[in-house]
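Here is a short briefing to read with the model open in your viewer. Take it one topic at a time, and pick out the residues as they come up.

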Amino acid sequence: VFGHGKTNGEPTWALLLTVGICEIGILIASLDQVAPILSMFFLMCYLFVNLACAVQTLLRTPNWRPRFKFYHWTLSFLGMSLCLSLMFICSWFYALIAILIAGCIYKYIEYRGAVKEWGDGIRGLSLNAARYALIRLEEVQLHTKNWRPQLMVLCKLNDDLEVKHPRLLSFTSQLKAGKGLTIVCSVLEGTYMTRKADANVGEQKMKATMAAERTKGFSHVIVSSSLRDGFSILIQSAGLGGMKHNTVLMAWPAGWKQARDSLARRNFIETVRETTEAHQALLVAKNIDHFPDNQERLKEGTIDVWWIVHDGGLLMLLPFLLMQHKVWRKSKMRVFTVAQLDDNSIQMKKDLQVFLYHLRLDAEVEVVEMHGSDISAFTYEKTLKMEQRSQMLKEMQLSRTERQREAQLIHDRNTASHSLANDKATGATSDRVHMTWTKDKLLNERNKHREGMAVKDMFNMKPEWENL
């Protein structure tokens, strides 16, 4: 306000401020008390000039070109240190007051957004620190204990270039709580030459939506010939160095059942495949428009997890992260696992409770028993029984040749079970899968092996070892 004068150019408000400051010095009526105050501001002026010169030299700013031939940044650092020392030698009390006043003036100027004539040295320091941190992240391998979801959110823009599902960003902020990396992306169909303005407008509206939903992160809108190619480019290239996403979040495709909108279904399936190929986690939010926003507070409810053993622990981590947010804080976590009728459900429940205790997660455990008909014979044979059969083979101490023969029998039975499951619609009934080895069969096979019968056939077998 003091930088503007009247129409005649007279800075009236600045003159009045100067008169007020001078009057205060006169009313103190003691030169010994006024002198330290004036000295502090003079010393501080020289201190910041030396500091600015040292910072510009260390950052190697292109526009910093001193004329003094023998200039070195240590000279500026020495001058800054002398000014700071003299301030506290003269009066530590006035030195602190002067530093506080200078800090308040700086924050006020920064808040008003004043244009900096010579740039911003603090921004240069931030860029230098960010570059160093990115290089360090690239050199050091991430440890499993430090893993957390770094999200890339795939958003869709409507015809008005606004975010189609704002609740997707609300869910992102609840899941991240402002920590870690978040990249919000979208794709516009067309060519960059014709839709550059639309991309800029869409990115600005996306930033406004992110601010409204309290989502901290980066936004990016690209133009591609098709949505499929655009999503593929983002999955491959989003991020920089060590700051790359490891998880993709997207909404469930709308209208995927209709034949006329089969393109959405194909794009979704291809996105799932490419995310898997890139070794990234995929989160799909169904009915995202019904998710709670950041203003809601769930007073009760449960977050249910259907546990998959080989998910790497992500399914256990997501509810924990959600319950750190105030929206989900009062929710409870339930873990469901599937068991067969012949499994020990009680022991399975106890083992899972111990597992969650070691993970320091407070959750209820439920074991759901399913009949054999609820799971296809192929899936049952491929997953649930493989571990038991492998353990039995080890206990029998079979020879390598016998293990190869057993592997071939398992593969044949799997193929037959899969074929029976496919023919079920035509009235065919599949028999229950049993162990292929018995004690009598084991003795007969060993006798045949001693007699040297069928040796050639057994050695020529090429079983699929991944079935074991």
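What follows is a quick tour, from the overall make-up to a few local details.

This is a predicted model, and its protein has 16 helices and 8 strands. Of its 468 residues, 30% count as buried. Looking at contacts between residues at least 6 apart in sequence, 74% join residues at least 24 apart.

**An enclosed helix, α6**
- Helix α6 covers residues 166-176, and 9 of its 11 residues are buried, so the rest of the structure largely encloses this helix.
- The buried residues of α6 are Leu168, Leu169, Ser170, Phe171, Thr172, Ser173, Gln174, Leu175 and Lys176.
- Their cover includes four strands you can select directly: β1 (151-154), β2 (182-189), β4 (247-251) and β5 (281-285).
- Helices α7 (192-212) and α10 (314-323) are also among the elements that cover the buried residues of α6.
- Ala212 belongs to helix α7, and with a relative accessibility of 57% this alanine counts as exposed, because the cut-off for exposed is over 50%.
- Between the C-alpha atoms of Ala212 and Pro166 there are 9.3 Å, while along the chain the two are 46 residues apart.

**Where α3 meets α4**
- Helix α3 (residues 73-90) and helix α4 (residues 92-112) have axes that come within 5 Å and cross at roughly 125°.
- That crossing makes α3 oblique to α4, because an angle between 115 and 145 degrees falls outside the parallel, antiparallel and perpendicular classes.
- On the α3 side the contact involves Met87, Phe88 and Cys90, and on the α4 side Trp92, Ala95, Leu96 and Ile99.
- Sorted by type, the residues of this contact are 7 nonpolar, no polar and no charged.

**Aromatic rings and a charge**
- With ring centres required to lie within 6.5 Å, the model has 8 aromatic pairs.
- Trp306 and Phe336 form a stacked pair, because their ring centres are 4.8 Å apart and their planes meet at 20°, where stacked means under 30 degrees.
- This pair ties together parts that are 30 residues apart in sequence, since Trp306 lies in strand β6 (residues 302-306) and Phe336 in strand β7 (residues 332-340).
- Trp306 is partly exposed, at a relative accessible area of 48%, whereas Phe336 is buried, at 13%.
- Trp92, Phe93 and Tyr94 are linked by ring pairs into a cluster, and Trp92 also takes part in the contact between α3 and α4.
- Over the ring of Trp252 sits the charged end of Lys286, 5.1 Å from the ring centre.

**Positive phi outside glycine**
- Which loop holds Leu161? Leu161 is in the loop between β1 and α6.
- The phi of Leu161 is near 60°, a positive value in a residue that is not glycine.
- Leu161 has a relative accessible area of 10%, so this leucine is buried.
- Asn287 is another residue other than glycine with a positive phi, here about 55°.
- The loop between β5 and β6 holds Asn287, and at 52% relative accessibility this asparagine counts as exposed.

Conventions: Residues are numbered from 1 along each chain as its sequence is written. This is a predicted model: local features need pLDDT of at least 70, side-chain atom pairs count only at pLDDT 80 or more; totals for chains, interfaces and linings use all residues. Side-chain values use heavy atoms; hydrogens and water are left out. Axes are lines fitted to C-alpha atoms, for helices over the stretch in contact, and angles run from 0 to 180 degrees between N-to-C directions. Helices (H or I, at least four residues) and strands (E, at least two) are DSSP runs, numbered from the N terminus. Angles under 35 degrees count as roughly parallel, over 145 as roughly antiparallel, 65 to 115 as roughly perpendicular and the rest as oblique. Contact means heavy atoms within 4.5 Å. Ala, Val, Leu, Ile, Met, Phe, Trp, Tyr, Cys and Pro count as nonpolar, Asp, Glu, Lys and Arg as charged, and the others, Gly among them, as polar. Rings of Phe, Tyr and Trp (its six-membered ring) pair if their centres lie within 6.5 Å; planes under 30 degrees apart count as stacked, over 60 as edge-to-face and the rest as tilted. Buried means under 20% relative accessible area, exposed over 50%, partly exposed in between (1.4 Å probe, protein chains only). A charge sits over a ring if NZ of Lys or CZ of Arg is within 6 Å of the ring centre and within 35 degrees of the ring normal.
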